[in-house]
Every structure is written in C-alpha cells, then in structure tokens.
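Student: Please pick one part of this model and look at it closely. Then go outward from there to the rest of the fold.

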Amino acid sequence: MSLSDLLSHRLDKLVAHHGELSAQLGDPGLAGGAIAKLAKEYSDLTPMVETIDALRRAEAERQELQPLVTGGDAEMRELAQGEIAALDRKIPELEQRIKVLLLPKDEADERNAILELRAGTGGDEAALFAGELFRMYQRYATFKGWKFEIMDLSETGIGGFKEAIASITGRGVFERLKFESGVHRVQRVPETENSGRVHTSAATVAVLPEAEEVDIKIDEKDLRIDVFRSSGPGGQSVNTTDSAVRITHIPTGLVVSQQDEKSQHKNKAKGMKVLRARLYERERQQKADVRAASRKSQVGSGDRSERIRTYNFPQGRVSDHRINLTLYKIDKVMSGEALDEIIDPLIAEDQAERLAEET
C-alpha cells in the first residue's frame with residue numbers, strides 16, 4: 001500500500017485547511033495580530049500542499065499513461081514507457097518529501113538563537129580559533145540575512161576570544177545552527193610556532209534557542225545580582241562606574257556575566273536574556289534525553305563535550321565526525337560561504353533518523 005493510500009485522508013485535511021486559511025486571510029475585518037498568525041500558518045503549510053499536489057498530479061499522469069503501454073503503436077509505447085519510468089522515480093521522491101514534512105517539528109526551530117563560544121585547550125591558539133569561528137558565524141548570518149548582535153566579548157589582546165556571546169535573529173535561525181553545538185577542533189601550525197609543528201587546539205560552541213519570559217519564569221528571589229567595574233583586554237578600566245553585572249541563578253548555579261554596555265540596566269537585561277536561554281535549553285535537553293533514550297545515535301545531541309568537527313588547515317579540509325563528511329574547502333567554510341554544505345547533510349541525517357523511528 002502506498003503512502004498516498006495510507007495517508008490520503010490526512011493529506012486531504014491538510015489541503016482543505018490550507019484552503020480555509022487562504023479564505024480567512026481574505027477577510028477584511030481581520031485584526032493585525034490575527035493576520036500575522038494566520039499568514040505564518042499558511043506559509044508553513046504551503047510547501048506540504050504543493051508537494052501533495054505534485055504527488056497527486058504525478059500519480060494521475062502515470063495512470064493515464066498506463067493504457068498506452070499495452071496499446072497503440074510501438075513508438076507511442078516506447079514514449080509512454082519512458083515517461084512512466086521517470087514518474088516511477090519521481091513519485092517515491094515526492095512521497096519521501098511528504099514523510100519528512102509530516103515529521104513533528106522541533107518547537108524551537110523557528111526561534112532566534114544565542115551563540116556562545118569559548119576557547120578550549122590550546123592557550124592563545126585556541127582563543128584565536130574561537131575568534132575565527134565567531135567571525136565565521138557572523139559572516140554566515142550575513143549570507144542568511146540574519147541580524148547578528150554581539151552581546152559580550154572577552155578578548156585576549158592578540159585577536160583571539162576567551163569567550164564570545166552573540167544574539168542571532170532571523171527566520172529559522174535555531175533550526176540551521178542547532179547542530180553546531182559541541183567541540184570544534186583545529187589542527188594547524190600556530191603563528192608563534194618556530195619549528196613548523198602542527199598543533200591541535202579546540203573551541204566549544206553552544207547554540208541556545210532564545211527564550212521569552214513566558215517560556216521561562218524566573219523568580220527574583222532565586223537570583224543573586226552583583227555589580228562590578230568592567231574591564232577590557234589586559235584588565236584596563238573600560239567604564240568609570242560599576243556597570244558590569246553578574247547574575248547567579250541560585251537553584252541551578254548558572255552564572256551569567258555581562259559588561260558590554262555602559263549602562264548597568266542594559267547589562268542586566270542582556271544577562272537575563274542569556275540566562276533565560278540557558279535555562280530553556282536545560283529543559284529542552286532534559287526532554288530530549290528522555291526521548292533519545294531508545295535511539296541508537298543522535299546527530300543533534302547538543303553535548304558540548306562531544307568533538308563534532310575538525311578543521312585541518314595544512315590539508316585544507318573540514319571533517320564532521322557525526323556524519324563522516326569531509327570537505328576540502330576550508331577557506332570557504334571559514335568565510336561562511338560553504339557552511340550550508342555541512343549543515344544541510346546534518347539536517348538530512350537527523351530527518352533520516354527520525355523517519356527510521358517512525359517506522
């Protein structure tokens with residue numbers, strides 16, 4: 001039995017609902033907020049409806065061609081057989097696309113994201129690499145038309161970052177970046193290395209879905225807020241007032257420091273934004289761990305201690321260890337230009353794993 005037989009009723013309901021949404025959007029009395037909500041639902045459902053329509057047209061066309069294979073002249077039979085063969089390749093592809101579109105959505109996929117990078121083992125070289133990764137994501141965000149806002153930087157003074165935090169805003173940000181969480185390893189000859197030996201360093205990336213106040217309720221009594229004087233590279237004073245803020249969430253022990261702004265109020269607001277994202281991600285991860293208990297593998301585990309990717313500069317290659325993918329275009333990856341060539345297969349692998357679970 002084909003997918004269209006098994007799911008025909010469900011697909012009919014989706015097409016009908018899409019039509020209902022279209023009619024509702026034409027209502028002149030609809031308020032602004034309602035229009036935005038309906039428009040998003042309509043837009044999200046459109047790819048599914050278009051694929052269903054393409055599948056049904058292909059199936060109808062195949063049915064119409066079938067009589068020509070047994071009747072008519074030899075030339076007509078040959079043409080019909082060729083077209084049926086092409087449709088026999090196309091129909092399973094459309095069915096697979098529908099299966100993927102029917103997979104439950106990660107509720108965080110459409111959210112904005114908080115990007116956190118930290119230098120790992122490797123001293124100055126690790127900090128330099130962390131800075132390069134941070135700029136890679138910044139350029140990638142530009143390619144995608146996303147807004148990239150630096151929230152906090154802890155610089156080493158030689159162009160490296162001990163820690164860097166940014167807010168990335170746009171459509172589908174978390175969906176595309178969520179598999180970047182983990183340990184990124186670099187292999188190259190550091191500029192400070194005289195013997196020409198290749199060194200291995202690392203940086204840790206965390207991508208957190210941005211959380212709203214309605215998602216995470218934080219009780220003021222659970223917070224300890226300390227203020228201190230901001231300091232830049234080398235410890236020199238940046239501000240003349242105690243505007244930097246350190247927020248400790250007592251129940252979890254999570255600590256967020258923010259000193260990028262000259263205003264204590266703005267630093268606290270940014271710090272709370274990061275804290276909410278970290279608490280929201282803790283909840284998501286706990287739920288994901290429960291769901292993943294029976295999975296043999298998990299592309300998007302988000303485990304920050306897991307080595308996920310190696311950037312080997314002498315060989316010009318980038319290897320993602322989760323999907324055994326190697327690209328010999330390290331410059332284009334680091335420029336953000338070829339990052340999709342890693343992200344797309346990661347998303348496809350995750351979809352394949354989830355499809356396997358459904359069967």
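**A close look at one residue**

Tutor: Ser-181 counts as buried because its relative accessibility is 7%, where buried means under 20% relative accessible area, exposed over 50% and partly exposed in between (1.4 Å probe, protein chains only). The model is predicted, so local features need pLDDT of at least 70 and side-chain atom pairs count only at pLDDT 80 or more, while totals for chains, interfaces and linings use all residues. Residues are numbered from 1 along each chain as its sequence is written, and side-chain values use heavy atoms, with hydrogens and water left out.

Ser-181 sits in the loop that runs from helix H5 (173–177) to strand E4 (182–188). Helices (H or I, at least four residues) and strands (E, at least two) are DSSP runs numbered from the N terminus. A polar atom of the Ser-181 side chain lies 2.9 Å from the backbone nitrogen of Val-207. A polar contact is a pair of N or O atoms within 3.5 Å; within protein, one must be able to donate a hydrogen and the other to accept it, and residues adjacent in sequence count only if both atoms are side-chain atoms.

The strand that follows this loop, E4, belongs to an open, mixed sheet of eight strands, ordered E2-E3-E1-E5-E4-E9-E10-E11. Its edges are strand E2 (147–155) and strand E11 (325–327), each paired on one side only. From one strand to the next, the twist averages 15 degrees; axes are lines fitted to C-alpha atoms, and angles run from 0 to 180 degrees between N-to-C directions. Two strands pair if DSSP finds at least two bridges between them. At the E2 edge, eight bridges join E2 to strand E3 (residues 161–169), and the two run antiparallel. Glu-149 has Ser-167 of E3 as its bridge partner, and Ile-150 stands opposite Ala-166. Five residues separate E2 and E3 in their hairpin, where Gly-157 takes a positive phi near 95 degrees.

Strand E4 (182–188) also meets Tyr-311, which touches His-184, Arg-185, Val-186 and Gln-187, among others; contact means heavy atoms within 4.5 Å. Tyr-311 is one of the residues that touch the most other members of the largest nonpolar core, which has 58 residues; Leu-177 is another. Such a core is a set of buried Ala, Val, Leu, Ile, Met, Phe, Trp, Tyr and Cys residues joined through side-chain atoms within 4.5 Å. Helix H4 (residues 123–144) gives the most to this core, with eight residues. Another core of 20 residues lies apart from it, and includes Leu-11, Leu-21, Ile-52 and Leu-101.

Strand E7 (residues 244–249) is largely enclosed by the rest of the structure, because five of its six residues are buried. Six bridges link E7 to strand E6 (residues 223–228) in antiparallel fashion, with Asp-226 partnered by Arg-246. Five more join E7 to strand E8 (residues 254–258), again antiparallel, and His-249 pairs with Leu-254. In this hairpin, Gly-253 has a positive phi near 80 degrees.

For the protein as a whole, there are eight helices and eleven strands, and 40% of the 359 residues are buried. Of the contacts between residues at least 6 apart in sequence, 62% join residues at least 24 apart.

Key:
Lists of a residue's contacts leave out its neighbours within four places in sequence.
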